[in-house]
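Subject: The structure I promised you

Hi,

Here is the structure we talked about. Have a look at it first, and then read on for what turned up.

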Amino acid sequence: MRKIYLDNIRWMTVLLVLIYHVCYMFNGVGILGGIPGSKSLPALDAAASLVYPWFMVLLFVASGMSARYSLGKRSAKQFLKERAVRLLIPSTAGLFVLHWITGYLNIKIGGGLAYIPPALIYPICAVSGTGPLWFIQMLFAFSCLLVLIRKADKKDKLWTLCGKANLPVILLLFIPVWGAAQILNLPVLTMYRFGIYFLAFLIGYFIFSHDKVQDIIESIRIPMLCLAAAGAVFYTAYYRGSNFTSPECLQSIITNLYLWIVVLAVIGCAKRYLSQETAFTRYMSKSGFGIYVLHYPVLIVTCYLLYHCFELPAIWNYGIALAVEFAMTFALYEMIIRIPVVRFLVLGVRGRRS
């Protein structure tokens, strides 16, 4: 059962990720992994902090819903085989084909190349080049765990029970979301937040995949949108200038309440207003995953060159980086999707039309 609005949520969120990463690269709030010493714009740091709490939670919720619809049409074995090709191959083999570039520049920026024996530079750079691929690594792990859960619940009783969720339950889900934000977070690698992301995936699969629940969320879209706008103003004012990837921010009740309101607002509005297709949205739905996988090496090379080869005002760095990232990522996708072996290793695509 395909939901067009879910496809639209995914590719729109991917484009938001591309914009966010430009702000992240030049951030001035002390987040590791960007270009150290680069000029930043406080307004764009605030914009990045505004989306960071919720956009990946939203992607995991949408992925959980999609997993439910996918498993309705195929066996667990087929599901895992498809996920292994689509997710595991790009996040492992793809590191050695393309994403070693990300690892190389990250190590070079950090001054670590001088300490690595020449023969080990390539493999270490490849292993260090995960970047945003952490998302698809976690998504594959969650898919495997989901199959085990389904095996333990062969009669689908849990999914049926979750279909009875009403409005108070949907609103109060922010409490377990807040609780999940406190656990299974890796130190330093703050993007690996297994607790909250796995719960978001399960909420999507067991609760939000029900048509009745989606209808409830759609019915409250306007109040949620208004609350999301108010929450964005309060959240931005409260955390302005601070490291929005820190545990103090990500684990606070303020952040988790804000992110949950935004997730409900986006899903409700998308169901109401984004259930139509055009040639452009079909293209984006098909290519969005590839754009996500490919954009980071393009961006880090662009930002590195801008910082080390030019002396431009901060606003020019942001603008040029964004323009080059979009143009070159789409061009790279169209090139790679036409090369059989490379598209399999980098994008997990066997055939161009897959």
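What share of the 354 residues in the protein is buried? The answer is 51%. Do keep in mind that this is a predicted model.

Let me start with the overall picture. The protein has 18 helices and 0 strands. Its C-alpha trace spans about 60 × 50 × 40 Å along the principal axes. The radius of gyration is 20 Å, which agrees with the value near 20 Å for a compact globule of 354 residues. Among contacts with a separation of 6 or more, 80% are between residues 24 or more positions apart. As for the outside, about 16100 Å² is exposed, and carbon and sulfur atoms supply 71% of that area.

Now the inside. In soluble globular proteins, nonpolar side chains tend to be buried together. Here the largest nonpolar core holds 110 residues, and F208 and W260 are the ones that touch the most other members. If you want to click through the surroundings of F208, its contacts beyond four places in sequence include V61, M65, Y69, I170, L173, V213, I217, L264 and I267. W260 is on that contact list as well, and so is Q214.

Next, the aromatic rings. There are 28 aromatic pairs in the structure. One of them is Y20 with F244, an edge-to-face pair with 6.4 Å centre to centre and 70° between the planes. Y20 comes from helix α1 (residues 4-25) and F244 from the loop between α13 (221-239) and α14 (247-250), so this pair ties together parts that are 224 residues apart in sequence. Y20 counts as buried at 6% relative accessibility, and F244 is buried too, at 2%.

Another edge-to-face pair is F60 with F135, at 4.8 Å centre to centre and 65° between the planes. F60 lies in helix α3 (residues 55-71) and F135 in helix α7, so the parts tied together here are 75 residues apart in sequence. Both F60 and F135 are buried. They also belong to a cluster linked by ring pairs, whose other members include W134, F142, Y192, F194 and Y292. Y197 is in that cluster, and R193 lies over the face of Y197, at 5.7 Å from the ring centre. A second arginine over a ring is worth finding: the charged end of R68 sits over the ring of W159, 3.8 Å from its centre.

R68 leads on to R150, since those two touch. R150 is in helix α7 (residues 134-152), and its other contacts beyond four places in sequence are L71 and Y205. Its C-alpha atom is separated by 8.8 Å from that of A76, which is 74 residues away along the chain. Is R150 buried, exposed or partly exposed? With a relative accessible area of 26%, it is partly exposed.

Finally, two backbone oddities. Most residues other than glycine have a negative phi. D156, though, has a positive phi near 60°, and L184 has one of about 55°. D156 is in the loop between α7 and α8 (157-162), whereas L184 is in the loop between α10 (174-180) and α11 (194-208). D156 counts as buried at 18% relative accessibility, while L184 is exposed at 58%.

Cheers

Definitions and conventions:
Residues numbered from 1 in each chain as written. Heavy atoms only, no water. Core = buried A, V, L, I, M, F, W, Y, C linked by side-chain atoms within 4.5 Å. Buried < 20%, exposed > 50% of the residue type's maximum accessible area, 1.4 Å probe, protein only. Contact = heavy atoms within 4.5 Å. Helix = DSSP H or I, 4+ residues; strand = E, 2+ residues; numbered from the N terminus. Phe/Tyr/Trp six-rings, centres within 6.5 Å; stacked < 30°, edge-to-face > 60°. Lys NZ or Arg CZ within 6 Å of the ring centre and 35° of its normal. Rg over C-alpha atoms; globule rule 2.2 N^0.38 Å. Areas by Shrake-Rupley, 256 points an atom, 1.4 Å probe, with all protein chains shown as cover.
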